[in-house]
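Here is a short note for someone opening this entry for the first time. Please keep the model in view while reading the points.

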Amino acid sequence: MIKFKNVTKRYDNGTVALKNVDISIEKGEFVFIIGASGSGKSTFMKLTMREEVATKGEIYVNGYQLSAMSRKNVPYLRRSIGIVFQDFRLLPEKTVYENVAFAMRITEAQSKDIKRQVPTVLTLVGLNKKANMYPRQLSGGEQQRVALARALVNKPALLIADEPTGNLDPDTSWEIMKLLEEINQRGTTVVVATHDKSIVDRMKKRVIELDNGVVLRDQEKGLYEDENKNY
Amino acid sequence: MKIRTTKYILKEGLINSYRNILMSLASVSIVAATLIIFGVFFLLIANFNYNLNIVKSQPEMVAYCEVDLDGASIAKVEQELLKNEKIESFIKVSKEEYYQNLKKMFKDDADLLKGMEDRMPISYIIKVKDLTQSKEVKTELEKIKGISSVNYSQDIINILTKVSHWMKIISAILTIVLLIVCMLIIANTIRITVYARRREINIMKYIGATDWFIRWPFIVEGAIISIVGALIAFAVVAYGYSVLSGGINSDISKSSNMFYLLRIDEVALRILGVYLLIGVTVGVLGSAMSLRKHLNV
């Protein structure tokens with residue numbers, strides 16, 4: 001699903017965010033990407049979304065080869081991935097329904113498909129009753145759930161979440177993570193970048209820890225802190 | 001692009017225009033004002049050319065008798081014409097004939113001429129032997145008792161043609177300048193709109209909207225602004241002109257001056273067509289210009 005082969009990313013200002021990184025994530029997995037600020041965590045996510053391009057190495061996401069991809073094909077890559085951001089990124093002048101439907105409109109989906117799929121996915125996140133409200137009328141947790149619904153409406157094989165609980169309180173964060181787990185159970189590959197220690201520890205999924213641009217640890221059922229580390 | 005997407009984009013463009021209604025209206029007014037100025041020039045030239053062509057189609061020299069001349073005086077006039085050696089020949093135009101010609105010129109407004117048949121003059125179309133002597137012939141004829149005026153068209157034609165030429169040049173320049181102004185106004189409006197919505201545009205990119213999907217609503221917005229401006233300009237110009245031409249044409253027939261303002265329905269379609277064409281072009285070009293520069297999609 002995601003394959004990073006010897007990937008290096010050097011920004012224009014000279015910073016090397018990733019150094020010769022090899023990461024392989026298979027279909028159906030649930031993976032946490034953790035690391036301090038500057039570890040290369042956000043760069044990893046940006047490269048996966050093709051917001052940035054790798055300086056060296058090959059990246060494969062959901063069957064797309066990113067380095068060879070032309071600019072005009074990037075939208076198609078992004079449509080095949082569901083993306084959730086820390087700041088929700090909902091369109092403020094559209095209702096909840098319209099926000100989720102928008103993801104289908106850009107693929108020129110038929111009205112009847114939209115009318116069927118949007119309520120389904122809103123029900124999944126528990127917001128079908130608030131379909132006609134505007135983002136500003138919702139709490140942070142509700143907005144993130146709308147964002148999640150939007151990410152899912154095109155039934156992507158891969159869902160990536162960049163600090164999805166960053167702006168949320170612990171209880172709401174946990175609800176979001178439970179939703180993500182449910183989505184993963186249904187077959188979607190889920191990759192979450194986070195520095196929320198409690199969530200990582202509670203869920204015990206595969207953990208990939210980045211530090212200074214290299215993979216420090218890659219552990220199934222991992223915790224936030226490496227248990228084998230001697231301090 | 002499918003039809004459903006086209007409908008969606010048109011709806012988005014419309015909704016977005018409405019969201020910034022004040023700014024949109026400001027731009028609409030400027031487009032309307034510009035097109036009104038353009039329209040005034042257009043009408044001036046159209047009328048000018050129409051009348052110029054009439055003058056051109058008239059015989060070179062016409063001598064008008066005073067109205068209500070009796071038979072004896074008319075005979076005296078004709079004698080004088082025969083005596084003049086510079087005149088090659090002359091043709092008499094009866095009152096009825098003259099009246100018919102005037103009616104043809106006034107076309108549908110001919111009923112303004114009602115009751116004027118008796119006030120038509122007898123006229124003579126003069127053919128001069130040597131054209132260079134035209135001015136002298138005119139002076140001589142004007143001295144004849146019974147002749148009220150002599151029209152010598154070539155002079156007028158020359159002057160009017162020059163005026164027409166300059167009018168066209170000045171209008172063309174002014175029009176181009178005004179249209180550029182329109183395009184810049186729209187481009188600026190769109191630029192501000194794009195800037196105001198940059199967060200949304202960014203979000204749309206990350207959900208996977210293609211560049212064109214993001215661009216089209218802005219182009220629609222630009223086109224709406226200029227089309228609405230064009231329609232307003234048309235309404236103002238059409239109404240103003242129909243009032244004006246109606247008034248002037250009836251005044252003209254009272255003073256028997258040979259000048260006619262085209263009626264509004266003769267020019268309306270032309271003006272509307274030109275306005276809409278300009279409107280759409282300016283709107284689309286203005287937006288596209290701005291998008292290219294400011295929209296990094």
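1. Start with Ile37(B). This residue sits in helix 2 of chain B. Keep in mind that the model is predicted.

2. Is Ile37(B) buried or exposed? Neither label fits: Ile37(B) is partly exposed, with a relative accessible area of 37%. Membership of a patch requires over 30% relative accessible area. Ile37(B), at 37%, is therefore past that cut-off.

3. Ile37(B) belongs to a nonpolar patch on the surface. Its partners there are Ile30(B), Trp166(B), Ile169(B), Ile170(B), Ile173(B), Leu174(B), Val177(B) and Val181(B). Together the residues of this patch have about 750 Å² of accessible area.

4. Which elements give two or more residues to the nonpolar patch? They are helix 2 (21-57) and helix 6 (153-196), both in chain B. Helix 6 of chain B provides the largest share, with seven residues.

5. Now turn to the enclosed spaces. The count comes to three cavities of 30 Å³ or more. In the largest cavity lies about 120 Å³ of space.

6. The largest cavity is lined by residues of chain A and chain B. From chain A come Arg78(A), Arg79(A), Ile81(A), Gly82(A), Ile83(A), Phe85(A), Ala103(A), Arg150(A), Ala151(A) and Asn154(A). Chain B adds Tyr206(B) and Ile207(B). By type, the lining has seven nonpolar, two polar and three charged residues.

7. Several elements each supply at least two residues of that lining. In chain A they are helix 2 (74-80), strand 6 (81-84) and helix 5 (140-152). In chain B it is helix 7 (198-207). Strand 6 of chain A gives the largest share of the lining of the largest cavity, three residues.

8. Look next at the second largest pocket. Its volume is about 480 Å³. Of the 23 residues that line this pocket, the closest to its centre are Lys94(A), Tyr8(B), Glu12(B), Ile15(B) and Asn16(B).

9. Where does the lining of the second largest pocket come from? The elements giving two or more residues are helix 3 (96-105) of chain A and, from chain B, helix 1 (3-19), helix 7 and helix 8 (211-255). Helix 1 of chain B contributes seven residues, the largest share.

10. The lining of the second largest pocket divides into 13 nonpolar, one polar and nine charged residues. One link is worth tracing on the model: helix 7 of chain B gives residues to the lining of the largest cavity and to that of the second largest pocket.

Definitions and conventions: Residues numbered from 1 in each chain as written. Chains lettered and ligands numbered in written order. Predicted model: local features only at pLDDT ≥ 70, side-chain atom pairs only at ≥ 80, totals over all residues. Heavy atoms only, no water. Patch = residues over 30% accessible without salt bridge, like charges linked within 9 Å, V, L, I, M, F, W, Y side chains within 5 Å. Areas by Shrake-Rupley, 256 points an atom, 1.4 Å probe, with all protein chains shown as cover. Salt bridge = Lys/Arg side-chain N within 4 Å of Asp/Glu carboxyl O. Helix = DSSP H or I, 4+ residues; strand = E, 2+ residues; numbered from the N terminus. Buried < 20%, exposed > 50% of the residue type's maximum accessible area, 1.4 Å probe, protein only. 1 Å grid on protein atoms, 1.4 Å probe; cavity = no way out; pocket = protein on both sides within 12 Å on 5 of 7 lines; lining within 4 Å. Points joined across faces, edges and corners; volume = space filled by probe spheres on them. Nonpolar A, V, L, I, M, F, W, Y, C, P; charged D, E, K, R; others polar.
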